[in-house]
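Please look over the model shown here. The report after it takes the chain as a whole, then one sheet, then one pocket.

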Amino acid sequence: MAVEVIREWNESNTVTHGIELKERLWELHSWPASGKRPQAILNDQLKIIDECDFAIAIFWSRIGTDTGVARGGAVEEAQLLMNSGREVMFYFSERDIKYNADFEQAMAVKQFRKSLQQNALTETYGEPKDFRGKLAAQLDRKMTDWFLKEGHVGAPAMTVKPNDTLLLLQRYQETLKNHLSEVNLSGSPAIDSFSVRLEDTFVSLRLSDTWRSERRFQKGVADDGMGGARTRNPEEVMSLVFRQYRLLLVIGDPGSGKTTLLKLLCALLHG
């Protein structure tokens with residue numbers, strides 16, 4: 001369930017913020033090996049110290065198998081991270097344990113939770129759906145506090161490798177495309193506003209020399225052989241216009257103040 005919450009967070013935030021959470025699970029990221037303590041092998045394979053920024057630790061009625069260093073594997077992993085300055089989000093279920101549960105294991109969980117009172121703020125939950133809701137909300141707040149607050153300096157170091165630059169650019173462009181690709185249009189009071197794609201609201205700036213249809217078929221008007229197919233780009237059109245007319249041409253992006261400038265000029269001319 002925690003993995004589902006992580007992936008949902010990525011779906012909502014990766015493109016927008018350029019941050020992706022990658023889960024590490026021994027079930028998916030470990031393989032048979034020998035030569036060390038089993039948990040030490042797992043620590044190496046999961047790259048607990050080298051690549052994990054933080055952990056989500058979930059406990060109910062079992063603490064795990066003693067590793068020779070800690071009471072259980074999850075406990076050892078959490079202690080490794082905390083000892084290296086990383087954070088651990090601890091969640092403890094308060095659901096009733098099964099009648100056939102190992103009460104020694106359950107007691108060990110309670111003892112471990114009590115041992116954290118001086119070093120961690122833990123969270124409790126009841127049903128699995130409660131855990132899902134709490135983790136989703138708290139993970140979002142944690143990521144915002146770590147990475148998304150302007151000027152925040154408490155987050156783990158994040159490095160951008162040279163080969164990541166193109167990916168980040170693509171994410172940035174995709175974000176702009178998603179946010180700016182549509183515009184809301186409002187009609188009369190009888191028509192609800194609706195969204196249209198910007199690419200559907202613009203036409204090409206190329207202008208055509210096509211004969212007007214009402215003249216093309218008039219008697220006595222000869223065909224010039226062009227077939228009405230010649231087009232010109234804006235620069236060519238303005239060049240032709242300037243040969244015959246004296247004009248003031250104001251060029252600027254939307255919202256840059258073209259209309260305001262013209263109003264000012266009109267006021268000066270008629271003032």
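What follows is a short report under topic headings.

## Overall picture

This is a predicted model. The protein chain holds 12 helices and 7 strands. It has 271 residues, and 24% of them count as buried.

Contacts over sequence distance come next. Take contacts between residues at least 6 apart in sequence: 56% of them join residues at least 24 apart.

## A three-stranded sheet

One open sheet has 3 strands in the order β1-β2-β3, with parallel pairing. β1 (54–59) and β3 (123–125) are the edge strands, each pairing on one side only. On average, neighbouring strands of the sheet are turned by 25° against each other, direction ignored. In general, strands of a sheet pair through backbone hydrogen bonds.

The β1 and β2 pair runs parallel and is joined by 6 bridges. Phe54 has Glu87 in β2 as its bridge partner. Phe59 stands opposite Phe92, also a β2 residue.

## Cover over the sheet

Helix α6 spans residues 103–115 and lies across β1, β2 and β3. Against β2, helix α6 runs at about 140°. How much of β2 is buried? The strand is mostly covered, with 6 of its 7 residues buried.

## Thr124 on an edge strand

Thr124 sits in strand β3, which is one of the edge strands. Is Thr124 buried or exposed? Its relative accessible area is 18%, so Thr124 falls under the 20% cut-off and is buried.

Which residues does Thr124 touch, beyond those up to four places away in sequence? They are Phe92, Glu94, Arg113 and Lys134. Phe92 is the β2 residue that Phe59 stands opposite. Arg113 falls within helix α6 (residues 103–115).

## Glu127 in the following loop

Glu127 lies in the loop between β3 and α7. Its relative accessibility is 42%, between the 20% and 50% cut-offs, so Glu127 counts as partly exposed. Where does Glu127 stand relative to Arg95? The two are 32 residues apart in sequence, yet their C-alpha atoms are 6.9 Å apart in space.

## The second largest pocket

The second largest pocket holds about 290 Å³ of space. Its lining has 14 residues. Val88, Met89, Phe90, Leu121 and Thr122 lie nearest the centre. Two elements give two or more residues to this lining: β2 (87–93) and α7 (128–148). β2 gives the most, with 5 residues.

What is the chemical make-up of the lining? It divides into 7 nonpolar, 3 polar and 4 charged residues.

## Lys142 and its contacts

Lys142 belongs to helix α7, one of the elements named for the pocket lining. Why does Lys142 count as buried? Its relative accessible area is 15%, which is under the 20% cut-off, so this lysine is classed as buried.

Setting aside neighbours within four places in sequence, Lys142 contacts Phe54, Glu87 and Met89. Phe54 and Glu87 are also bridge partners. Met89 is among the residues nearest the centre of the second largest pocket. Lys142 thus links three topics of this report: helix α7, the bridged pair of Phe54 and Glu87, and, through its contact with Met89, a residue of the pocket lining.

Key
Residues are numbered from 1 along each chain as its sequence is written. This is a predicted model: local features need pLDDT of at least 70, side-chain atom pairs count only at pLDDT 80 or more; totals for chains, interfaces and linings use all residues. Side-chain values use heavy atoms; hydrogens and water are left out. On a 1 Å grid over the protein atoms alone, a cavity is a set of points where a 1.4 Å probe fits but cannot get out, and a pocket is an open set with protein on both sides within 12 Å along at least five of seven lines; lining residues have an atom within 4 Å of a point. Grid points are joined across faces, edges and corners, and a volume is the space filled by probe spheres set on the points. Helices (H or I, at least four residues) and strands (E, at least two) are DSSP runs, numbered from the N terminus. Ala, Val, Leu, Ile, Met, Phe, Trp, Tyr, Cys and Pro count as nonpolar, Asp, Glu, Lys and Arg as charged, and the others, Gly among them, as polar. Buried means under 20% relative accessible area, exposed over 50%, partly exposed in between (1.4 Å probe, protein chains only). Contact means heavy atoms within 4.5 Å. Two strands pair if DSSP finds at least two bridges between them. Axes are lines fitted to C-alpha atoms, for helices over the stretch in contact, and angles run from 0 to 180 degrees between N-to-C directions.
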